[in-house]
Amino acid sequence: MSLRMDTQARAAFDLGNDAAYQAWRAAKLARFPGTLAELVVEVRDPRALSGSERQALLERCARANMAIYASASAGGPDKAIPRALGLQLGLRDLDSNYLADDDGISPLAVAESATRGEFIPYTNRGIKWHTDGYYNPAERSVRAVLLHCVERAETGGENELLDHEIAYIQLRDRNPQHVLALMARDAMTVPARLEDGRIERPAQSGPVFSVDACGVLHMRYTMRAINIEWKDDVATRAALAALEEVLSAPSPWLFRGRLEPGMGLVSNNVLHTRTPFTESPRHRRLIYRARYYQRISAG
Ligand SMILES: [Fe+2]
């Protein structure tokens, strides 16, 4: 991206530059998909995309920060599928959290082992709105997430999805002060995690919304009330209440769907939920999750 484009992109998120914001906003909303179906790209083999399949995925990610691929040939439990697909979309560096397998890809399924079972992703419970890796330090920001479905649940296990740029627009349109409050460096603190009396992960403070050197908007957020400390002032509380309203209200930009075997979601770490689910002997949910430090790109 050229320096001029970076400057233009950054200007859209400058609260002092309403003209730049309005121009970016209008272009964003004009291009935004009207339905979840518009995000879906049928691919023959996610390990070896054709040029047009890859272009179609990149084009949807440019418009909505996410795309869904669907393939009849990719239902097997093979981590090479998400790894190879990620590489074709410029996703190289995996964030290895300590619950991921050694290869950095997490098999999300109802856990039998105790450690994983303490964390909601490894249960059949619902998960509230969040972006992935919100507890990571800035230098390990999760900029992209890939979910690949091996097996679906018997019932439930859907995802709601909202492009974080749309959430930004909805908040700024309500009141730019909400955005200002959520850009504060001390807006959100994830307390240190202790294990056997030693610090497994230090406390992480940071903004909800930030803009990187390329002028790209990043979001860290969780609606979970526990294990999170919000800045205790009127502006932050008002901004969080407004954000919860945005995430709770139906809107034309908020999508909901379930990944079926062989399908997957590629995203620039958009806001998402997971609904609770039930399983049966035929349908034990298994999703491979890969988190990356890069955004999705053609490069
Ligand atoms: Fe997540």
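These legends walk you through several close-up views of a predicted model. Residues are numbered from 1 along each chain as its sequence is written. Because the model is predicted, local features need pLDDT of at least 70 and side-chain atom pairs count only at pLDDT 80 or more, while totals for chains, interfaces and linings use all residues.

**View 1. The open sheet has six strands.** Its strand order is 1-2-16-5-19-3, with mixed pairing (strands are DSSP runs of E, at least two residues, and helices are runs of H or I, at least four residues, numbered from the N terminus; two strands pair if DSSP finds at least two bridges between them). Strand 1 (40-42) and strand 3 (105-108) are at the edges with a single partner strand each, so one side of each has no neighbour in the sheet. From one strand to the next, the twist averages 20° (axes are lines fitted to C-alpha atoms, for helices over the stretch in contact, and angles run from 0 to 180 degrees between N-to-C directions).

**View 2. Strand 2 meets strand 16.** Strand 2 (residues 66-70) and strand 16 (residues 263-267) are antiparallel partners, joined over five bridges. Look for A67, which sits opposite V266 of strand 16.

**View 3. V266 and its contacts.** Beyond neighbours within four places in sequence, V266 is in contact with L57, C61, M66, A67, Y69, L89, L146 and I296 (contact means C-beta atoms, placed from the backbone, within 7 Å).

**View 4. Helix 3 lies across three strands.** Helix 3 (residues 51-64) crosses strand 1, strand 2 and strand 16, and runs at about 150° to strand 2.

Note on methods. Contact = placed C-beta atoms within 7 Å.
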